[in-house]
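Here is a short report on protein–DNA contacts and cysteines. The model comes first, then the details.

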2 protein chains.
Amino acid sequence: MFAAELHASTPLRPGATAPLAVAQPVMQFSEGKSLYEEGDDAACFYRLVSGVVRTCRFSQDGRRHIDAFYMPGDVFGFELTREHGFTAEAVTDCVVIPCRRRGAEELAAQNGTAQDGAAARQLYGYAMQQLARAQAHAQLLGRYGAAQRLAGFLLELSAGKNPPIVELPMSRQDIADYLGLTIETVSRALAQLQKDGVIKLLAARLVEVKNRAALAEICG
Amino acid sequence: MFAAELHASTPLRPGATAPLAVAQPVMQFSEGKSLYEEGDDAACFYRLVSGVVRTCRFSQDGRRHIDAFYMPGDVFGFELTREHGFTAEAVTDCVVIPCRRRGAEELAAQNGTAQDGAAARQLYGYAMQQLARAQAHAQLLGRYGAAQRLAGFLLELSAGKNPPIVELPMSRQDIADYLGLTIETVSRALAQLQKDGVIKLLAARLVEVKNRAALAEICG
DNA sequence: CGAATGGTTGATTGTGATCAATTCCCGTGG
DNA sequence: CCACGGGAATTGATCACAATCAACCATTCG
């Protein structure tokens with residue numbers, strides 16, 4: 001569901017060299033600011049150093065859809081086309097390393113010349129991870145109820161956490177737009193999970209997972 | 001939403017050489033047969049020559065989720081891991097070209113040696129197309145109502161068709177499992193679109209798009 | 001202390017799921 | 001050619017879950 005756990009164990013510190021393409025000086029964005037907008041020229045992709053980023057898009061009727069949340073270590077914003085398909089915004093203050101694309105990788109499908117294969121292979125791995133995440137997201141939205149979606153969401157966020165206490169960096173509206181629900185339903189589902197003893201809401205944005213197995217059971 | 005239109009203009013005939021990795025002799029599958037199952041060793045990926053294929057997965061409670069439909073020319077079944085993440089089944093009788101993976105491409109993220117870049121770049125393009133499709137699918141399931149989902153589905157199927165008559169190769173159950181609905185809702189939504197004069201159901205599996213603009217309008 | 005923002009809780013509505021018959025279509029066999 | 005059978009699709013009635021509309025509460029910030 002998330003790309004979060006991938007590479008999360010080895011976040012780069014500011015100033016470290018990115019492992020592919022041309023790394024640029026780090027950039028900082030404060031909460032709520034957009035890193036790029038849907039339709040912007042996709043000159044760079046990014047590696048997240050610290051903070052949390054969301055990618056989103058709006059339907060014609062104005063409803064927001066959040067495609068993904070990115071955690072430190074994640075790479076995002078690479079595209080096949082010339083333009084970004086989503087807007088990327090800082091959920092919290094964050095630091096990223098922009099990587100200028102060489103212009104060859106994204107044209108891979110068209111011309112089959114044999115240069116610059118390493119970067120393409122690197123990007124292929126990232127793309128496949130994103131693909132698996134997006135596919136799981138689609139299944140969650142298509143086949144699961146509100147409680148199950150929340151359970152799945154919390155499972156991902158709490159992955160590898162010990163003690164199992166999750167800080168939610170995003171608002172209820174963000175969670176709702178990611179899970180295809182409303183803020184009221186998110187709130188009620190969380191309250192229900194707490195009543196069932198599966199989680200405990202230490203604060204609005206601080207969740208203790210009391211029973212991980214039950215969470216996995218609910219999710220399916 | 002679909003990968004259908006990509007390459008659809010140049011389907012390979014049986015016996016033609018696949019443009020990447022090691023092509024194998026063509027294989028045929030009859031309607032309902034599975035090409036591979038979730039969890040099977042992903043030794044091959046496939047290029048669809050003729051017919052239609054669906055990829056699907058089941059939730060714990062037995063509900064089926066269809067990830068994608070593939071049309072002639074599409075490439076599917078490539079994985080980052082050693083196993084297939086979905087089951088692939090023949091929606092109609094079909095012919096595919098299996099392509100044995102060299103074992104290097106899928107390990108791209110781990111080792112960064114510079115061999116075999118062309119195949120990786122080729123696969124990167126396919127992966128990115130799939131990613132865009134899966135992201136659009138997630139948005140459709142998360143933010144759109146039944147009529148809108150059907151409209152989007154029909155728009156994709158009718159892309160580039162002239163005259164705008166679409167044959168639906170899959171059952172109502174397949175459509176429902178792809179759109180996160182029930183067969184009854186699919187049926188009612190189609191009936192409603194017909195009553196609105198947007199489409200005409202020439203037969204259960206034959207749809208004439210009367211008003212493409214209205215379809216796009218509904219979808220958003 | 002008061003306003004503003006974000007979150008929760010309650011009442012009601014609406015959309016799609018579920019349960020239940022038919023009807024349509026198509027292949028098969030008389 | 002027509003009668004029959006069986007699966008697929010449609011249509012109808014009711015139900016359930018999440019959306020919506022509306023207050024209310026908590027926390028932060030000026």
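The side chain of B:Glu184 places an N or O atom 3.0 Å from a base nitrogen of DNA strand C. That is a polar contact, a pair of N or O atoms within 3.5 Å; within protein, one must be able to donate a hydrogen and the other to accept it, and residues adjacent in sequence count only if both atoms are side-chain atoms. The table lists such pairs with DNA strand C.

| Side chain | Atom of DNA strand C | Distance |
|---|---|---|
| B:Glu184 | base nitrogen | 3.0 Å |
| B:Thr185 | phosphate oxygen | 2.3 Å |
| B:Arg188 | base oxygen | 2.9 Å |

This is a predicted model: local features need pLDDT of at least 70, side-chain atom pairs count only at pLDDT 80 or more, and totals for chains, interfaces and linings use all residues. Residues are numbered from 1 along each chain as its sequence is written, chains are lettered from A and ligands numbered from 1 in written order, and side-chain values use heavy atoms, without hydrogens and water.

Around DNA strand C there are 17 residues. Near means that a heavy atom of the residue lies within 4 Å. Those that come nearest are A:Arg172, A:Arg188, B:Ala146, B:Thr185 and B:Arg188. Of the strand's atoms within 4 Å of the protein, sugar and phosphate make up 64%. H4(A) gives the largest share of this surface, four residues.

What about disulfides? The structure has zero over all chains; a disulfide is a pair of cysteine sulfur atoms within 2.5 Å. The sulfur of B:Cys44 is 7.5 Å from its closest cysteine sulfur, in B:Cys99, too far for a bond. For B:Cys56 the closest is in B:Cys94, at 13 Å, also too far.

Definitions and conventions. Helices (H or I, at least four residues) and strands (E, at least two) are DSSP runs, numbered from the N terminus.
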